[in-house]
Amino acid sequence: MSEQRTIDVAATQMLDKAKEIGFLTTFDRAKAQEPRCTFGNTGICCRICLQGPCRILPKKPGGNKGICGAADYTIVARNTVRYIAGGAAAHSDHGREIAQVLLHVAEGHNHDYKITDTDKLMRVAKNIGIKTEGREVMDICKDVASAALAEFGRVDETQELTWLKAYAPEERLDVWRKTAIIPAGINLSLAKLLHQTHVGTDADPVNIIFGGLKAALCDYDGQHLATDLSDILFGTGVPVVTEANLGAIKADKVNIALHGHNPLLSQMVVNAAKEMQEEAKAAGAAGINLVGICCTGNEVLTREGVAIATNFATQELAVMTGAMDAMVVDVQCIMPSLRSAAECFHTKIITTMPIMKIPGSYHFAFDEDHAVESAKEIIRLAIEAYKTRDQAQVNIPNIKNKVVAGFTLEAILNIFGKINPENPIRVIVDAMEAGEIKGIAALIGCNNLKGTHDYNHTAMAKELAKNDIFLLAGGCSAQAHALAGMMNGDAVKEYAGEGLKKFYARLNAAAGLTEELPLMFHTGSCVDYSRQQDFVNLVAKEMGVSVPEVPFVVSAPEAMSEKAVAIGSWNVAYGNAVHVGVIAPTVGSQLVNDVVTKVAEDVFGGFFFWETDALKAAARTVEIIEERSWKIAMRKKARDAQAAAE
Ligand code: XCC
Ligand code: SF4
C-alpha cells in the first residue's frame with residue numbers, strides 16, 4: 001500500500017478536515033486492512049461451500065487442495081468468473097431497467113419519459129434487424145424495447161444474443177462461435193455460471209474460464225443495450241463544457257450530488273432542477289447546483305454538462321465540504337459509509353432503488369410512473385436540508401478545472417466528419433498510417449486504494465499522450481483526468497507529443513467548437529464502454545484488419561469492481577490487450593494466470609497484463625501498440641511485394 005493517499009489537492013484538504021472532526025474515511029479503512037491475507041489476495045481462498053474457507057497450503061500433507069479436492073486452479077478460476085457474473089448482472093440489470101421504461105413509453109403507459117433521440121432509435125432498430133420503413137415511431141420503439149428485454153429471458157441455446165450479433169464484427173462472432181461462448185440469454189448464462197461454479201460441479205479451469213467469458217459477453221450485450229436505450233430516452237451526448245472537482249460545489253446554493261449509475265432518476269432530477277430554481281431561492285439559496293459522482297455523474301455530464309464533484313474513492317469527501325445538502329444515490333459503487341459521513345453534517349443521503357438501501361439513511365422509493373414528481377420531491381428534501389445547513393461548517397476547497405466532455409461515438413464521428421465527411425473514421429486511420437499518432441488507448445475503470453488515489457490514472461495518461469497515443473476515457477478514470485485538470489485543450493499543449501499535437505491541431509481547426517478538444521475523449525459512464533469498442537470496430541474495418549490487430553490497448557489502472565473484471569474479460573475476448581493496475585486475483589494459480597495472460601492471446605488475440613507501476617504499464621502499452629502497428633506494416637509490405645511480383 002502506498003503512503004501517499006491521493007494526488008488530488010482538494011481531496012487532501014478534505015482528508016485533513018475529516019481528521020480534524022474525527023471521521024475515519026475509506027482511506028483510513030484501507031490502511032486498517034493492511035497487511036492483506038495472501039490467500040484472499042491471490043485468489044486461493046475458497047468460500048464456495050460451508051466447509052470452507054479452504055486455503056491452498058502446499059506444505060501440509062493434504063493441504064495442497066481444498067477439502068473437496070479442488071486444486072488451486074479450480075479455486076482461482078471459480079473465484080474469478082464469479083466476479084464476472086456479479087459485474088455482468090449489475091450492468092445488464094441496469095440495461096433491463098432502462099428497457100422496461102422504454103417499453104412502457106412505447107406502449108403509452110408512461111408519460112414522464114419520452115423518446116428524445118428518434119434518429120438513434122432508427123439506427124438501433126436497423127442494426128438489430130427491426131423494420132423501420134413506413135412504421136410508426138412508437139411501434140418501432142416497442143419492438144426495440146421488446147428485443148432488449150428478450151435478451152434476458154431467452155433459454156433456447158441455439159439462439160444468440162441480438163445486440164452482440166448486431167454490433168460485433170463477423171470475424172469476432174466466428175471466433176466466439178468456435179469457442180462456444182456466445183450466450184443465448186443473459187439470465188441463462190449468468191445462472192449457468194453460478195451452477196458451473198457450485199461445489200462439485202466444474203473442476204476444469206479452462207472450461208470455467210470459457211463459462212466466464214460467456215458471462216462477460218452478456219456484460220457487453222447488457223452494456224450496449226443500456227447505452228443505446230438511454231440515448232434514445234435521454235439523448236445522445238454532444239461535446240459539453242463544464243468543470244470538475246470539489247470547487248464545483250457552491251456555498252450559496254442548494255447542492256445536490258447525483259451518485260451511482262442509472263440515469264433513470266438522475267436525468268429527471270436534472271430536468272426538475274431547471275424548473276425549481278425559484279423554490280431554492282425562496283429558501284434563501286442562490287439556486288440549485290447539481291454535481292455528479294461516479295457514473296451517474298458521467299451520465300448527466302455527458303448529456304447535460306453537469307459538473308463532476310469527485311470520483312469513487314473520494315465520495316465521502318464531498319460530504320466533508322459541509323455544503324452538500326443531499327446526495328441522491330441509485331445503484332453500484334455507493335459507499336455505505338456515506339451515511340456516517342453525513343451524520344457529521346446536515347447532509348441527507350437519499351437512497352432511491354428497492355435493491356439499494358443504507359441503514360439509517362433516507363429511503364425515497366423512486367417510482368418510474370411518477371418520475372417527475374419523485375424528482376421534484378427529492379429536490380424539495382434537499383432544499384429542506386439546505387435550510388438546516390450550518391454555514392460555519394462549510395469548507396469548500398477552491399479547486400476546480402475546466403472540462404470538455406460528451407464524446408459519444410456519434411459526437412466523435414461528427415468531429416472527424418468535419419475533416420472527412422464521406423468517411424469520418426478515415427481521419428484517425430490516416431493519422432495512424434502517417435505515423436502522426438501511434439495508436440489508441442482507452443483509460444477506464446475505478447479507483448482502488450491499494451494504490452494512491454488517481455495517481456495511476458493520470459500518470460498513464462500523461463505518459464501515453466507524450467508517446468502520441470490518442471486517448472479515450474470513461475468511468476472513474478475519466479473523472480480522475482477531469483479532476484486533475486487534464487480534460488481540456490490546455491492539457492494537450494502540456495502533455496501531448498508532437499504528433500498528437502498536430503492531429504489535435506487539425507481536429508480543432510475543423511471541429512468548429514467554442515472550446516479546444518481535450519486530451520482524452522470522455523465516452524461516458526462505465527456502462528458506456530461499448531461506445532469505445534464500436535469506435536475500435538470501425539477503425540479495424542477501415543484499416544482492413546481484425547480487432548486484435550488494431551494498435552489499441554485498454555487500461556484499468558485502478559480497477560476495483562466486479563464490473564471491471566467483467567469489462568476486462570469481454571475486452572480480452574474482443575481481442576484487446578488489457579492492462580490492470582492492481583494485483584489480479586488469478587496469480588494464485590500459475591495455470592489460470594498463464595491462461596488469461598498468455599494462452600488467451602492465441603485464442604482471442606486479446607490478453608490481460610498486470611502492472612502496478614504506471615510508468616512501466618505505459619511503457620508496455622506503447623510497446624504493444626508499436627508491435628501491432630509493425631505487424632500491420634509488415635503484412636502490407638509482404639502484400640505489396642507479392643503484388644509487384646505477380
Ligand atoms: Fe464504480 Fe462506474 Fe468503477 Fe467508478 S468506474 S468505481 S465501477 S463508478 Ni466504472
Ligand atoms: Fe473448500 Fe471445496 Fe468447499 Fe471450496 S468448495 S470451500 S475448496 S470444500
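How many nonpolar, polar and charged residues make up the shell around ligand 1? The shell divides into 8 nonpolar, 3 polar and 1 charged residues. The views below show this site and other details of a predicted model.

**View 1. The residues around ligand 1.** Five of the names fall between H261 and C333: H261 itself, C294, C295, F312 and C333. Further along the chain come G445, C446, C476 and C526. M560, S561 and K563 complete the shell. By class, nonpolar residues number 8 here. Polar residues number 3, and 1 residue is charged.

**View 2. Ligand 2 and its cavity.** The space taken by ligand 2 is the largest cavity. Around ligand 2 stand C46, I48, C49, Q51, G52 and C54. G66, I67, C68, R78 and V199 are also part of this shell. The class count is 7 nonpolar, 3 polar and 1 charged.

**View 3. The cis peptide bond beside the ligand 2 shell.** G52, one of the residues around ligand 2, is joined to P53 by a cis peptide bond. Omega is about 0 degrees. P53 sits in the loop between β1 (45-46) and β2 (54-55).

**View 4. The cis peptide bond between E34 and P35.** Here E34 and P35 are joined in the cis form, with omega about -10 degrees. The loop that holds P35 runs between α2 (26-32) and α3 (38-42).

**View 5. The crossing of helices α18 and α23.** Helix α18 covers residues 426-433, and helix α23 covers residues 529-543. Their axes come within 9 Å and cross at roughly 65 degrees. The crossing is right-handed. On the α18 side, R426, I428, V429 and M432 make the contact. On the α23 side, F535, V539, E542 and M543 do so. The contact residues divide into 6 nonpolar and 2 charged, with no polar ones.

**View 6. The backbone at N245.** N245 has a phi near 110 degrees. That is a positive value in a residue other than glycine. N245 belongs to the loop between β3 (240-244) and β4 (254-260).

How values were computed: Residues are numbered from 1 along each chain as its sequence is written. Chains are lettered from A and ligands numbered from 1 in the order in which they are written. This is a predicted model: local features need pLDDT of at least 70, side-chain atom pairs count only at pLDDT 80 or more; totals for chains, interfaces and linings use all residues. Side-chain values use heavy atoms; hydrogens and water are left out. A residue is near a molecule or strand if one of its heavy atoms lies within 4 Å of it. On a 1 Å grid over the protein atoms alone, a cavity is a set of points where a 1.4 Å probe fits but cannot get out, and a pocket is an open set with protein on both sides within 12 Å along at least five of seven lines; lining residues have an atom within 4 Å of a point. A molecule sits in a cavity or pocket if more than half of its atoms lie within 2 Å of its grid points. Ala, Val, Leu, Ile, Met, Phe, Trp, Tyr, Cys and Pro count as nonpolar, Asp, Glu, Lys and Arg as charged, and the others, Gly among them, as polar. Axes are lines fitted to C-alpha atoms, for helices over the stretch in contact, and angles run from 0 to 180 degrees between N-to-C directions. Helices (H or I, at least four residues) and strands (E, at least two) are DSSP runs, numbered from the N terminus. A crossing is left-handed if the near helix is turned anticlockwise from the far one by less than a right angle, and right-handed if clockwise. Contact means heavy atoms within 4.5 Å.
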